[in-house]
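Reader: I would like a close look at a single part of this model. Please say what it packs against, and give the cut-offs as you go.

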Amino acid sequence: MNAATQGELLRTLPFARRYARALIGGQERGDALVAQALRAGLPTDVPGPLALFAGVSRLVPDSPGEHISAKQRQLLLLTSLEDLSLTDAALVVGLPLTEARERLETARHALRAVAATDIMVIEDEPIIAMDIRQLVESCGHNVVGIASGEAEAVGMARELKPGLILADVNLGPGGDGISAVQRILQEQNTPVIFVTAYPERLLTAERLEPAFIISKPFEPVALAIATYQAVSGGVSID
(Lines give C-alpha, C1' and ligand atoms only; values in the text may rest on other atoms or scores of the structure.)
Protein backbone atom coordinates (compact mmCIF):
# COMPACT_ATOMS: atom_id res chain seq x y z
CA MET A 1 0.00 0.00 0.00
CA ASN A 2 1.10 3.57 -0.60
CA ALA A 3 2.89 5.46 2.14
CA ALA A 4 1.34 8.66 3.42
CA THR A 5 2.26 11.79 1.51
CA GLN A 6 3.32 14.94 3.32
CA GLY A 7 -0.03 16.53 2.51
CA GLU A 8 -1.95 13.56 3.91
CA LEU A 9 0.10 13.64 7.09
CA LEU A 10 -0.52 17.35 7.58
CA ARG A 11 -4.27 16.93 7.09
CA THR A 12 -4.37 13.94 9.44
CA LEU A 13 -2.10 15.37 12.14
CA PRO A 14 -4.72 17.38 14.14
CA PHE A 15 -7.03 14.39 14.30
CA ALA A 16 -4.25 11.95 15.15
CA ARG A 17 -3.26 14.27 17.99
CA ARG A 18 -6.85 14.32 19.23
CA TYR A 19 -6.97 10.52 19.05
CA ALA A 20 -3.66 10.05 20.88
CA ARG A 21 -4.62 12.48 23.64
CA ALA A 22 -7.96 10.77 24.19
CA LEU A 23 -6.29 7.35 24.14
CA ILE A 24 -3.53 8.23 26.60
CA GLY A 25 -5.56 10.61 28.73
CA GLY A 26 -3.60 13.85 28.46
CA GLN A 27 -2.27 16.52 26.12
CA GLU A 28 1.46 16.23 26.74
CA ARG A 29 1.65 12.43 26.73
CA GLY A 30 -0.63 12.19 23.69
CA ASP A 31 1.47 14.61 21.66
CA ALA A 32 4.61 12.77 22.72
CA LEU A 33 3.08 9.53 21.42
CA VAL A 34 2.39 11.12 18.02
CA ALA A 35 5.97 12.42 17.86
CA GLN A 36 7.28 8.96 18.75
CA ALA A 37 5.20 7.40 15.98
CA LEU A 38 6.58 9.85 13.42
CA ARG A 39 10.16 9.24 14.54
CA ALA A 40 9.72 5.46 14.44
CA GLY A 41 8.42 5.44 10.88
CA LEU A 42 4.79 4.86 9.97
CA PRO A 43 3.36 1.44 9.04
CA THR A 44 3.23 0.67 5.33
CA ASP A 45 0.47 -1.96 5.55
CA VAL A 46 -2.35 0.61 5.78
CA PRO A 47 -3.53 3.30 3.33
CA GLY A 48 -1.67 6.60 3.53
CA PRO A 49 -4.29 8.72 5.39
CA LEU A 50 -4.57 6.06 8.12
CA ALA A 51 -0.85 5.52 8.61
CA LEU A 52 -0.45 8.04 11.42
CA PHE A 53 -3.38 6.57 13.37
CA ALA A 54 -1.80 3.13 12.91
CA GLY A 55 1.62 4.34 14.02
CA VAL A 56 0.14 5.77 17.22
CA SER A 57 -2.06 2.73 17.93
CA ARG A 58 0.66 0.16 17.52
CA LEU A 59 2.91 1.84 20.08
CA VAL A 60 0.32 1.06 22.77
CA PRO A 61 0.38 -2.52 24.11
CA ASP A 62 -2.95 -4.31 24.34
CA SER A 63 -3.07 -4.31 28.13
CA PRO A 64 -6.28 -5.32 29.91
CA GLY A 65 -8.21 -2.60 31.72
CA GLU A 66 -10.68 -2.70 34.56
CA HIS A 67 -13.56 -2.69 32.08
CA ILE A 68 -12.10 -2.28 28.58
CA SER A 69 -8.73 -3.30 27.14
CA ALA A 70 -6.37 -0.89 25.40
CA LYS A 71 -7.17 -2.37 21.98
CA GLN A 72 -10.89 -2.02 22.63
CA ARG A 73 -10.41 1.62 23.61
CA GLN A 74 -8.59 2.17 20.33
CA LEU A 75 -11.46 0.67 18.33
CA LEU A 76 -14.03 2.71 20.24
CA LEU A 77 -12.14 5.97 19.74
CA LEU A 78 -11.38 5.34 16.07
CA THR A 79 -14.97 4.46 15.16
CA SER A 80 -16.77 6.91 17.45
CA LEU A 81 -14.47 9.90 17.97
CA GLU A 82 -12.65 9.79 14.62
CA ASP A 83 -15.58 8.34 12.64
CA LEU A 84 -13.56 5.66 10.87
CA SER A 85 -15.32 2.65 9.41
CA LEU A 86 -14.81 -0.61 11.29
CA THR A 87 -12.84 -1.91 8.31
CA ASP A 88 -10.41 1.01 8.51
CA ALA A 89 -10.22 0.82 12.31
CA ALA A 90 -9.35 -2.87 12.12
CA LEU A 91 -6.52 -2.06 9.70
CA VAL A 92 -5.26 0.69 11.97
CA VAL A 93 -5.05 -1.49 15.09
CA GLY A 94 -3.83 -4.55 13.18
CA LEU A 95 -6.73 -6.92 13.82
CA PRO A 96 -8.78 -9.14 11.49
CA LEU A 97 -12.15 -7.55 10.76
CA THR A 98 -14.13 -10.32 12.49
CA GLU A 99 -12.09 -10.06 15.68
CA ALA A 100 -12.27 -6.26 15.62
CA ARG A 101 -16.07 -6.41 15.31
CA GLU A 102 -16.33 -8.80 18.26
CA ARG A 103 -14.02 -6.71 20.44
CA LEU A 104 -15.85 -3.49 19.58
CA GLU A 105 -19.26 -4.94 20.41
CA THR A 106 -17.97 -6.29 23.73
CA ALA A 107 -16.49 -2.88 24.55
CA ARG A 108 -19.75 -1.08 23.79
CA HIS A 109 -21.59 -3.38 26.17
CA ALA A 110 -18.92 -2.81 28.82
CA LEU A 111 -19.35 0.97 28.54
CA ARG A 112 -22.95 0.66 29.70
CA ALA A 113 -21.76 -0.99 32.91
CA VAL A 114 -19.27 1.71 33.85
CA ALA A 115 -20.14 3.72 36.95
CA ALA A 116 -21.80 7.08 36.31
CA THR A 117 -20.23 10.43 37.12
CA ASP A 118 -21.57 13.94 37.83
CA ILE A 119 -21.26 16.16 34.78
CA MET A 120 -21.51 19.93 34.42
CA VAL A 121 -22.40 21.27 30.98
CA ILE A 122 -21.24 24.64 29.63
CA GLU A 123 -23.49 25.56 26.68
CA ASP A 124 -25.20 28.84 25.77
CA GLU A 125 -27.90 27.46 23.42
CA PRO A 126 -30.86 26.14 25.51
CA ILE A 127 -32.02 23.59 22.93
CA ILE A 128 -28.52 22.21 22.43
CA ALA A 129 -28.04 22.10 26.21
CA MET A 130 -31.24 20.08 26.50
CA ASP A 131 -30.04 17.65 23.83
CA ILE A 132 -26.69 17.26 25.57
CA ARG A 133 -28.42 16.61 28.89
CA GLN A 134 -30.48 13.85 27.30
CA LEU A 135 -27.43 12.28 25.70
CA VAL A 136 -25.45 12.45 28.93
CA GLU A 137 -28.26 10.93 30.95
CA SER A 138 -28.83 8.23 28.31
CA CYS A 139 -25.21 7.20 28.93
CA GLY A 140 -26.03 6.76 32.61
CA HIS A 141 -24.43 9.95 33.92
CA ASN A 142 -25.93 12.71 36.05
CA VAL A 143 -26.07 16.33 34.90
CA VAL A 144 -25.59 18.44 38.02
CA GLY A 145 -25.73 21.85 36.33
CA ILE A 146 -25.84 23.73 33.03
CA ALA A 147 -24.04 27.06 32.68
CA SER A 148 -24.66 29.36 29.73
CA GLY A 149 -21.80 31.81 30.26
CA GLU A 150 -18.22 32.01 31.40
CA ALA A 151 -18.79 33.67 34.78
CA GLU A 152 -21.69 31.37 35.60
CA ALA A 153 -19.61 28.31 34.66
CA VAL A 154 -16.74 29.31 36.96
CA GLY A 155 -19.08 29.88 39.91
CA MET A 156 -21.05 26.69 39.27
CA ALA A 157 -17.92 24.55 39.05
CA ARG A 158 -16.62 26.06 42.28
CA GLU A 159 -19.88 25.18 44.04
CA LEU A 160 -20.68 21.78 42.52
CA LYS A 161 -17.17 20.34 41.97
CA PRO A 162 -18.35 18.01 39.15
CA GLY A 163 -16.56 14.83 38.17
CA LEU A 164 -16.42 15.96 34.53
CA ILE A 165 -17.07 19.14 32.53
CA LEU A 166 -18.57 19.06 29.03
CA ALA A 167 -17.93 22.47 27.46
CA ASP A 168 -18.87 24.20 24.23
CA VAL A 169 -16.13 26.40 22.81
CA ASN A 170 -18.23 29.36 21.61
CA LEU A 171 -20.60 30.76 24.25
CA GLY A 172 -21.76 33.75 22.19
CA PRO A 173 -22.30 36.89 24.32
CA GLY A 174 -21.66 34.78 27.42
CA GLY A 175 -17.94 34.54 26.78
CA ASP A 176 -15.58 31.78 25.76
CA GLY A 177 -15.69 28.13 26.79
CA ILE A 178 -11.92 27.72 26.73
CA SER A 179 -11.42 30.76 28.94
CA ALA A 180 -14.03 29.44 31.35
CA VAL A 181 -12.25 26.10 31.57
CA GLN A 182 -8.87 27.77 32.07
CA ARG A 183 -10.25 29.66 35.06
CA ILE A 184 -11.91 26.54 36.48
CA LEU A 185 -8.72 24.48 36.18
CA GLN A 186 -6.84 27.06 38.20
CA GLU A 187 -8.99 26.00 41.17
CA GLN A 188 -9.69 22.31 40.62
CA ASN A 189 -8.35 19.38 38.63
CA THR A 190 -11.45 18.28 36.72
CA PRO A 191 -11.43 16.31 33.43
CA VAL A 192 -12.87 18.36 30.55
CA ILE A 193 -14.36 17.39 27.20
CA PHE A 194 -14.74 20.17 24.63
CA VAL A 195 -17.51 20.06 22.02
CA THR A 196 -16.92 21.89 18.74
CA ALA A 197 -17.83 21.72 15.06
CA TYR A 198 -14.21 22.51 14.18
CA PRO A 199 -11.89 20.31 16.30
CA GLU A 200 -8.81 21.12 14.22
CA ARG A 201 -9.07 24.76 15.36
CA LEU A 202 -8.33 23.66 18.92
CA LEU A 203 -5.13 21.90 17.88
CA THR A 204 -3.01 24.78 16.65
CA ALA A 205 -0.57 25.06 19.59
CA GLU A 206 -1.65 28.71 19.99
CA ARG A 207 -3.71 28.43 23.20
CA LEU A 208 -5.06 25.85 25.65
CA GLU A 209 -5.32 22.55 23.80
CA PRO A 210 -7.70 20.10 25.48
CA ALA A 211 -7.03 16.40 25.81
CA PHE A 212 -10.60 15.46 24.90
CA ILE A 213 -12.50 16.93 21.95
CA ILE A 214 -15.79 15.74 20.43
CA SER A 215 -16.94 16.95 17.03
CA LYS A 216 -20.45 18.36 16.63
CA PRO A 217 -22.85 16.72 16.01
CA PHE A 218 -21.94 13.71 18.13
CA GLU A 219 -23.54 10.37 18.91
CA PRO A 220 -24.11 8.93 22.41
CA VAL A 221 -21.36 6.33 21.98
CA ALA A 222 -18.81 9.07 21.19
CA LEU A 223 -19.74 10.85 24.41
CA ALA A 224 -19.68 7.56 26.31
CA ILE A 225 -16.15 6.60 25.28
CA ALA A 226 -14.81 10.15 25.68
CA THR A 227 -16.33 10.32 29.17
CA TYR A 228 -14.88 6.93 30.07
CA GLN A 229 -11.43 7.94 28.84
CA ALA A 230 -11.54 11.30 30.62
CA VAL A 231 -12.58 9.82 33.95
CA SER A 232 -10.41 6.69 33.79
CA GLY A 233 -7.29 8.56 32.69
CA GLY A 234 -6.60 6.68 29.46
CA VAL A 235 -4.30 3.74 28.85
CA SER A 236 -0.76 3.20 30.05
CA ILE A 237 2.18 2.72 27.68
CA ASP A 238 4.78 2.20 30.40
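Author: The answer below takes one helix with its surroundings, then looks at the rest of the fold for context.

This is a predicted model, in which local features need pLDDT of at least 70 and side-chain atom pairs count only at pLDDT 80 or more, while totals for chains, interfaces and linings use all residues. Residues are numbered from 1 along each chain as its sequence is written, and side-chain values use heavy atoms, with hydrogens and water left out.

The part is helix H5, residues 86-93. Helices (H or I, at least four residues) and strands (E, at least two) are DSSP runs, numbered from the N terminus. The buried residues of H5 are Leu86, Ala89, Ala90, Val92 and Val93. Buried means under 20% relative accessible area, exposed means over 50%, and partly exposed lies in between (1.4 Å probe, protein chains only). Viewed down the axis of H5, these residues fall within an arc of 160°, so they line one face of the helix. The arc is taken over the directions from the helix axis to the C-beta atoms.

What covers that face? Among the elements over the buried residues of H5 are H3, helix H4 (70-81) and helix H6 (97-111). Contact here means heavy atoms within 4.5 Å.

Take H6 in detail. Two packed helices are described by the angle between their axes and the distance between the axes. For H5 and H6, the angle is about 100° and the axes are 9 Å apart. That makes H5 roughly perpendicular to H6. Axes are lines fitted to C-alpha atoms, for helices over the stretch in contact, and angles run from 0 to 180 degrees between N-to-C directions. Angles under 35 degrees count as roughly parallel, over 145 as roughly antiparallel, 65 to 115 as roughly perpendicular, and the rest as oblique.

From H5, Leu86, Thr87 and Ala90 meet Leu97, Ala100, Arg101 and Leu104 of H6. By class, this contact has five nonpolar, one polar and one charged residues. Ala, Val, Leu, Ile, Met, Phe, Trp, Tyr, Cys and Pro count as nonpolar; Asp, Glu, Lys and Arg count as charged; the others, Gly among them, count as polar.

Now the two ends. Just after H5, Gly94 takes a positive phi of about 80°. On the other side, Asp83 is found in the loop between H4 and H5. Phi of Asp83 is near 60°, a positive value in a residue other than glycine. Asp83 counts as exposed, at 65% relative accessibility.

H3, one of the covering elements, spans residues 51-57 and holds Leu52. Leu52 counts as buried at 1% relative accessibility. Leaving aside neighbours within four places in sequence, Leu52 touches Leu9, Thr12, Leu13, Ala16, Val34, Leu38 and Leu42. Its C-alpha atom is separated by 7.8 Å from that of Val34, 18 residues apart along the chain.

For context, the model also has an open sheet of five strands, ordered E2-E1-E3-E4-E5, with parallel pairing. Two strands pair if DSSP finds at least two bridges between them. Neighbouring strands are turned by 20° against each other on average, direction ignored. Helix H9 (residues 177-185) lies across E1, E3 and strand E4 (192-196), running at about 175° to E4.
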